[in-house]
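Please open the model in your viewer and keep the sequence panel beside it. The stops below say what to select and what is there.

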Amino acid sequence: MIDNATLILGPPGCGKTHYLIEQMEQALMSGVKPHEIVFVSFTRKAAAEAGDRACAKFDLDRKAFPYLRTLHSLGFHGLGLQRSDMLSAEDYSALGRQLGLILEASRVVDPDDGEPMPSIRGTGAAYLHMIYKARYRGISLEKQFSEDEDYDLHFPILKQLSQALEMYKAANLKFDFVDLIERYTEENDPPYSKLLIVDEAQDLTWLQWQMVKMLSTNSERVLIAGDDDQAIYRWAGAEVRHFIQSAQDRILLKQSYRLPKKVWELSQHVVKRISYRLDKEFLPREEEGELHHHLSLDSIPLDNGETWTVMFRVNPYMYDFAKRMMDEGLVYMIKGKPSINPEIATAILTWRSLQRGDSLHLGQVVDMYKRMPKQGKDAPLRRGAMKLLEAADPERLYDYDLLSRDYGLQISLTADAFDVIRMSQQEALYIAAAERRGVDISLPPKINLSTFHAMKGGEDRNCVVYLGSTRACAEGDPDDETRALYVAITRAKHGLHFLDTKRRYRIEI
């Protein structure tokens with residue numbers, strides 16, 4: 001427990017971030033300096049939002065707030081590290097080769113993003129994840145190995161990788177993500193603050209709580225905010241009991257500005273299945289909202305012109321669903337990427353604009369030419385056409401006649417865009433099917449596909465929860481699964497839809 005702390009309990013849609021930003025603004029208005037405020041969170045989004053709003057209101061530069069960061073970012077900058085000091089994808093691969101394991105980093109992770117560990121694949125991934133999880137939880141490898149009960153792993157290999165990891169970092173002067181919290185907590189004096197805000201605190205690990213406690217020792221006022229019912233990162237080492245026991249004084253935000261009555265009522269039925277939680281009574285919006293149960297995708301009006309988010313318990317089900325949507329000509333976003341390549345869509349629309357007699361800016365022409373074939377008997381461009389554009393006047397407008405005469409365009413203006421723009425047959429069939437449905441490919445998709453975890457902190461007018469589960473989820477901790485379902489249910493601002501499944505393992509409402 002932190003003596004000078006107040007726990008801010010923010011149920012779904014109750015304006016927790018808004019409340020914290022208001023506390024920060026009030027502190028600034030009372031004379032607290034920007035560098036006397038520490039605002040840390042599990043992810044970058046909350047801290048960035050607080051900083052942006054304060055900067056706009058008080059006409060400050062973002063650099064005035066050196067301590068508005070994720071905990072990992074605070075450690076990274078507090079230790080004076082550079083990106084090159086962190087273990088890279090090449091480092092993980094080299095470490096794996098030493099032990100005959102495959103460690104492939106699927107992408108470079110920015111320490112400022114606050115992710116608890118890098119995304120690693122390969123034969124050594126589960127071992128590495130277990131090592132990091134044990135360190136975050138402050139327990140031995142033996143205890144973590146015993147608790148995980150993963151019978152595909154072998155403890156001698158786990159111990160060998162753990163030792164090799166430490167030796168590799170020492171020999172190459174490298175740091176991993178856990179080091180950012182460990183080293184900062186052990187080696188740094190906490191910055192003085194008149195206000196310390198810890199957001200999304202239900203997702204913190206034991207090690208991160210040690211960092212929070214260290215920061216609180218040099219702070220006059222501490223606000224710890226979150227919702228234990230939305231603690232869904234135990235797989236990464238988070239333990240909700242630290243949040244529940246963090247402060248004696250508590251403030252409950254009691255009005256949800258997101259949940260309509262029907263969605264709220266169902267969420268309260270679900271959340272009561274969690275065995276270890278703080279009771280919270282909060283109110284829904286006046287709107288009734290909608291609840292629907294569907295036996296098939298066909299009965300869900302995903303193309304009604306409104307925004308939709310379809311959520312899944314695990315990634316594989318999400319990708320299976322994406323393939324089905326593509327077969328039916330439905331356009332969607334998945335992990336921030338639209339299902340139709342924006343470059344192809346823009347090139348198609350640019351060609352059609354040219355067909356209507358419009359003139360193009362040079363940048364439009366360049367982008368369209370990049371998506372046109374330049375080889376073959378019926379290629380729409382002559383070889384060297386892109387070179388001709390390098391010397392073109394950027395202030396001039398270009399119509400079909402000019403491009404045909406001077407800039408290598410050699411296809412009839414009546415040609416269909418699908419014969420002019422380079423794309424696979426599958427892409428062409430998909431875009432054609434989408435347009436037959438009335439989709440405007442110039443606009444962002446109105447359907448978003450997401451996992452339960454990825455939607456945490458988000459919301460949408462209409463949400464679909466796919467009820468397919470897995471054996472690992474079904475046999476896992478019941479509280480973990482209930483919290484994940486609670487997060488999914490409480491994303492809906494108006495309509496909540498459940499899509500049933502014939503899979504062996506399913507989520508029970």
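Begin with helix H13, where Ile344, Ala345, Ala347, Ile348, Thr350, Trp351, Ser353 and Leu354 are buried (under 20% relative accessible area, 1.4 Å probe, protein chains only); helices here are DSSP runs of H or I with at least four residues, and strands are runs of E with at least two, numbered from the N terminus. This is a predicted model, in which local features need pLDDT of at least 70 and side-chain atom pairs 80 or more, while totals for chains, interfaces and linings use all residues. Residues are numbered from 1 along each chain as its sequence is written, and side-chain values use heavy atoms, leaving out hydrogens and water.

Next, show what covers the buried residues of H13, which includes helices H14 (362-370), H16 (400-406), H17 (417-420) and H18 (425-436). At the N-terminal end of H13, select Asn341, which caps the helix with a side-chain oxygen 2.8 Å from the backbone nitrogen of Glu343; just after H13, Gly357 takes a positive phi of about 95°.

Now select Arg258, in the loop between strand S8 (249-252) and helix H11 (261-271). Arg258 is buried, with a relative accessible area of 8%, and its side chain makes a polar contact (N or O atoms within 3.5 Å, one able to donate a hydrogen and the other to accept it; residues adjacent in sequence count only if both atoms are side-chain atoms) with the side chain of Glu459, at 2.9 Å. Beyond its neighbours within four places in sequence, the residues in contact with Arg258 (heavy atoms within 4.5 Å) include Pro12, Arg285, Thr490 and Lys493.

Notes:
Buried < 20%, exposed > 50% of the residue type's maximum accessible area, 1.4 Å probe, protein only.
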